[in-house]
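Biologist: Could you take me through this structure step by step, giving the reasoning behind each answer?

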Amino acid sequence: MSVQYERKELGGGIHFSVILDKRYKTNFFSVRLITKLSPETASANSIIPSILSKSCESHPSQTEFNRMLTALYGSTVYDGCGKLGDYQTLSVNGTAIGDRYALEGENICGQLIDIILECVTRPALENGVFPEKEFELKRRELIDDILTEINDKRSYAFMQTSKIVYKGEPAANSVNGTLETAKSLTPKTVYEQYRRLISEAQIEVIFAGGEYPEGAEEKIIGAFKPADRKVPSDIIIAPSPVKHQSVSAEDELDVVQCKMILAYKFRSENEPAVRLLNMVLGATPVSKLFTNVREKLSLCYYCSSSVNLMKKTLFVDSGVSLDKVEAAKAEINRQIEEIKAGNVTESELSAAKLAISNSAKAYYDYPKALAGWYFNNSIRGISDDPEEIAAKVCAVTMDELKEAAASLVPDTEYLLRGLDESAGDDE
Amino acid sequence: MSIVNKEIISNERCGEQLVKLRHSAGLTIMIWKMPDYSTVHALFGTKYGSINNTFKLPEDKDFTVVPNGIAHYLEHKLFENEDCPVFEQYAKTGASGNAYTSIDKTCYLFSCSDNFYESLEILLSFVQDPYFTDENVEKERGIIAQEIKMYEDNPDWRVFSNMLSGMYHTHPVKIDIPGTVESIGEITKELLYQCYNAFYNLDNMVLSIAGNVDEDRIIEICDRLLKDGRPVSPICSFGDEPDTVAQPEVRQKLEVAVPMFNIGFKLPPVSGLEGLRADITAKITLAVLAYEGSSFYRRYYDEGLINSTFYTDVFSGDGFFCPYFGGESREPHRVFSAIIEEIERCKAEGLDRESFNALKKSLYGSAIRELDNVEAAATLMLNSHMDGVSPFDQMEIIADMTYEDAQKMLCSIDTSKAVLSIIEPKSEEEASDE
């Protein structure tokens, strides 16, 4: 691969990663703050990147800020808020076309880096806090985001399941917080939380693009002043404990198709084997779940698996008619038993390994995806590149796969049940 | 069999070059060599989508009307191979295969890092080798019915689809791509073969490949696997669509918390290069009116009438052309009035010139970004060919576009031909919370 990757510690809990390949026509720059997910601060944290990504000290008006980006060849600055195990990740990200495509010879890359660092460290303020009007609009949007979590039934079902699977752990919380915490936010409390994050959160700065970001390291040091920061505590990986008894839960909504999620905890310490288990069970169109539950038995429209390695949880996610819920559940569990018993064909195994190898190589063609890969893994202390991880998965034996499957413990069965089977009412 | 025509298409502005070949079997082959990339993306597509439900062959007297959703059903069924399901074949090469049906095309595709030529053989073979039986057609009905139900619960899809159903009287773009549970109940293997034979002939198809590939090996595989058939030119009817809207307002209640809206305007359809020009001009015009840097956006965002979900887009194709606005709002009727008012104001006073210039650069940036991966490059080639334009025309149209073009486009929007589609919450309580 022609991709060069380097991650450097700048001090004060700040890391800077550069992913470089001359083939990339666009550049991506991202500042990510990592902090413990807690119900008290989730809403405040989640609103912060949405405020920071809309203006900055030198462009305090959102309209002017946006006009400036539009004129910079439609460069984008956008916020992100996600969950990584028990942590909340907050990001301000930007993309721009490479300097070699500038029609008037502009230094687009340098300007993008300047803008994002200014957004994060020198936000637009009013009376020493976030401007009241902008803040109120963002608070309103956060409330809408919480209210509209129900719109996407599949992700809503996942969120409801997570609350049960991780009950009592930080990971159980929504990254948006609750309606109550969102409603209670003020410009002052959010600004104080922002100051805390800037001085105490882990900070990962990532560049991925086609041209070396000259001077970026100095700019980051100048913006964050690592020497003045309180060194944040290390990120702790805390697998979710296995429940003594599995839990069943359901919600009812007026939807046509039910969503069923089955969650399992795994005890296996063999991460490559768990990755392979996920692929063989339900992460490809030739997986056991797709082939049997969907194709052969027509029990679900979709039925796939995913794995949360930080919390050691495997999810099976399905869209199913109410009358087929029990049959689908039985078949999903039967397929897990098949893997435990070693009833995995050579072609199933090699298909899963080939799929892993292919998707590992594909990361290199997408700078943003590669940045995400390195971020997620470096947080967990893993420095392998996608191909090295793929090689470890490909070396997993059948016995290791069986052991990984045998380590699964049923945790939660969640059903988002439709009220009836009739369609929605047109007016 | 082999290549009867070869054209090299290049663009100095972005420094890119691709090859367009015409195979003697009738197929157009487009290849974009991207030697530094790890993956290859290939699409094999036919100009046949959900709107092509009324057609005849040149020798036929009458049009045949087939059940809605049949193009999508056919796509599902082609994945059934007599010997071995397609996904299982791809599993042996490690390729990630998929397919999709849109309004006006059906495409079969794969991405891979290794074993590209073996995967290409699979793609070319199964798409040219239909295998429909009463049993396997019946079996798919349940799966597709589940997919239809999933769409029925999806408010993003419903709000858009309802807008189209309000806009068009007869044009089949108003019909959902997968059809309905009832319409797919009428699909038989005979109908599937009839549609396949009309639209899946190589003259109506294109193979588009981007990545680190060897042109000669692709041609060798095509020579070996392409089936020589007689050219078929199906004639489609989209009905006699009046220029009025069918229903100015469409409302539906779903499980959402905040009302969602789409507001669209019916414009006369345009095709070919002029169609692409109109599409891009309409995109930039709507953006000038209401992008985040506009006075319109600022005013109504500050008032809380719209939020950051607000967007503009253009939906155009064979016989339809619809610029539209969308987002969430507790007062969709007020958004509708505000948009109409802004359009009329800008018709009289003129669009903001500075925003036009900035958005032109922005659109150019988007076009460059579209060339940054093999998937986007292969898809761009396929779409361009099916639309009768070159993949680089978009970039040149943007470069040549003037402020006057955008103003003219704005003036062509007749605000009396508008449709407001609203998805309302089932529970009024949720919408008015806080």
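Modeller: Please keep in mind throughout that this is a predicted model. Let us begin at one residue and then widen the view.

Biologist: Is Pro231(B) buried or exposed?

Modeller: A residue counts as exposed when its relative accessible area is over 50%. Pro231(B) has a relative accessible area of 55%, and therefore the class it falls into is exposed.

Biologist: Where in chain B is Pro231(B) placed, and which residues does it touch?

Modeller: Pro231(B) belongs to the loop that runs between helix 8 (215-225) and strand 10 (235-236) of chain B. When residues up to four places away in sequence are not counted, the residues that Pro231(B) touches are Asn201(B) and Asp203(B).

Biologist: What distance separates the C-alpha atoms of Pro231(B) and Thr309(B)?

Modeller: Along the chain, Pro231(B) and Thr309(B) are 78 residues apart. In space, the separation of their C-alpha atoms is 46 Å.

Biologist: What is the corresponding C-alpha separation for Leu408(A) and Lys340(A)?

Modeller: Leu408(A) lies in strand 11 (residues 408-418) of chain A, and Lys340(A) is 68 residues apart from Leu408(A) along the chain. The C-alpha atoms of these two residues are separated by 9.4 Å.

Biologist: Is Leu408(A) buried or exposed, and which residues does it touch?

Modeller: The relative accessibility of Leu408(A) is 6%, and because buried means under 20%, this residue counts as buried. Not counting residues up to four places away in sequence, Leu408(A) touches Tyr264(A), Lys265(A), Phe266(A), Leu277(A), Leu314(A) and Ile336(A).

Biologist: Which residues have the most contacts inside the largest nonpolar core?

Modeller: In soluble globular proteins, nonpolar side chains tend to be buried together. Here the largest nonpolar core has 146 residues, and those with the most contacts inside it are Phe29(A), Phe224(A), Trp32(B) and Phe265(B).

Biologist: Which helix gives the most to this core?

Modeller: The element in question belongs to chain B and contributes ten residues to the core. It is helix 9 (residues 272-290).

Biologist: How many residues are in the second, separate core?

Modeller: This second core is separate from the one just described, and it includes Ala42(B), Leu74(B), Leu120(B) and Tyr196(B). Its number of residues is 64.

Biologist: Which residues of chain B are in contact with Asn151(A)?

Modeller: Asn151(A) sits in the loop between helix 4 (132-147) and helix 5 (153-165) of chain A, and at 10% relative accessibility it counts as buried. Leaving aside neighbours within four places in sequence, the contacts of Asn151(A) are Asp153(B), Pro155(B), Glu255(B), Val256(B), Ala257(B), Met260(B) and Glu328(B).

Biologist: What is the phi of Tyr73(A), and what is the phi of Lys312(A)?

Modeller: Most residues other than glycine have a negative phi. Tyr73(A), in the loop between helix 2 (62-71) and strand 4 (76-84) of chain A, is buried with a relative accessible area of 0%, while Lys312(A), in the loop between strand 9 (300-308) and strand 10 (313-320) of chain A, counts as buried at 10% relative accessibility. Neither residue is a glycine, yet each has a positive phi. For Tyr73(A) the value is about 60 degrees, and for Lys312(A) it is about 55 degrees.

Biologist: What radius of gyration does chain A have?

Modeller: Chain A is built with 15 helices and eleven strands, and its C-alpha trace spans about 60 × 50 × 45 Å along the principal axes. A compact globule of 427 residues would have a radius of gyration near 22 Å, and the value for chain A agrees with this, being 23 Å.

Biologist: What radius of gyration does chain B have?

Modeller: There are 16 helices and 15 strands in chain B. The globule rule gives 22 Å for 434 residues, and chain B is close to that, so it is as compact as a globular protein of that length, with a radius of gyration of 23 Å.

Biologist: How far apart are the centres of the positive and negative side chains in chain A?

Modeller: Chain A carries 49 positive and 63 negative side chains, and one can take the centre of each set. The two centres lie apart by 2 Å.

Note on methods
Residues are numbered from 1 along each chain as its sequence is written. Chains are lettered from A and ligands numbered from 1 in the order in which they are written. This is a predicted model: local features need pLDDT of at least 70, side-chain atom pairs count only at pLDDT 80 or more; totals for chains, interfaces and linings use all residues. Side-chain values use heavy atoms; hydrogens and water are left out. Helices (H or I, at least four residues) and strands (E, at least two) are DSSP runs, numbered from the N terminus. The radius of gyration is taken over C-alpha atoms; the globule rule is 2.2 Å times the number of residues to the power 0.38. Lys and Arg count as positive and Asp and Glu as negative; His and the chain ends are not counted. The place of a charge is taken as NZ of Lys, CZ of Arg, CG of Asp or CD of Glu. Buried means under 20% relative accessible area, exposed over 50%, partly exposed in between (1.4 Å probe, protein chains only). Contact means heavy atoms within 4.5 Å. A nonpolar core is a set of buried Ala, Val, Leu, Ile, Met, Phe, Trp, Tyr and Cys residues joined through side-chain atoms within 4.5 Å.
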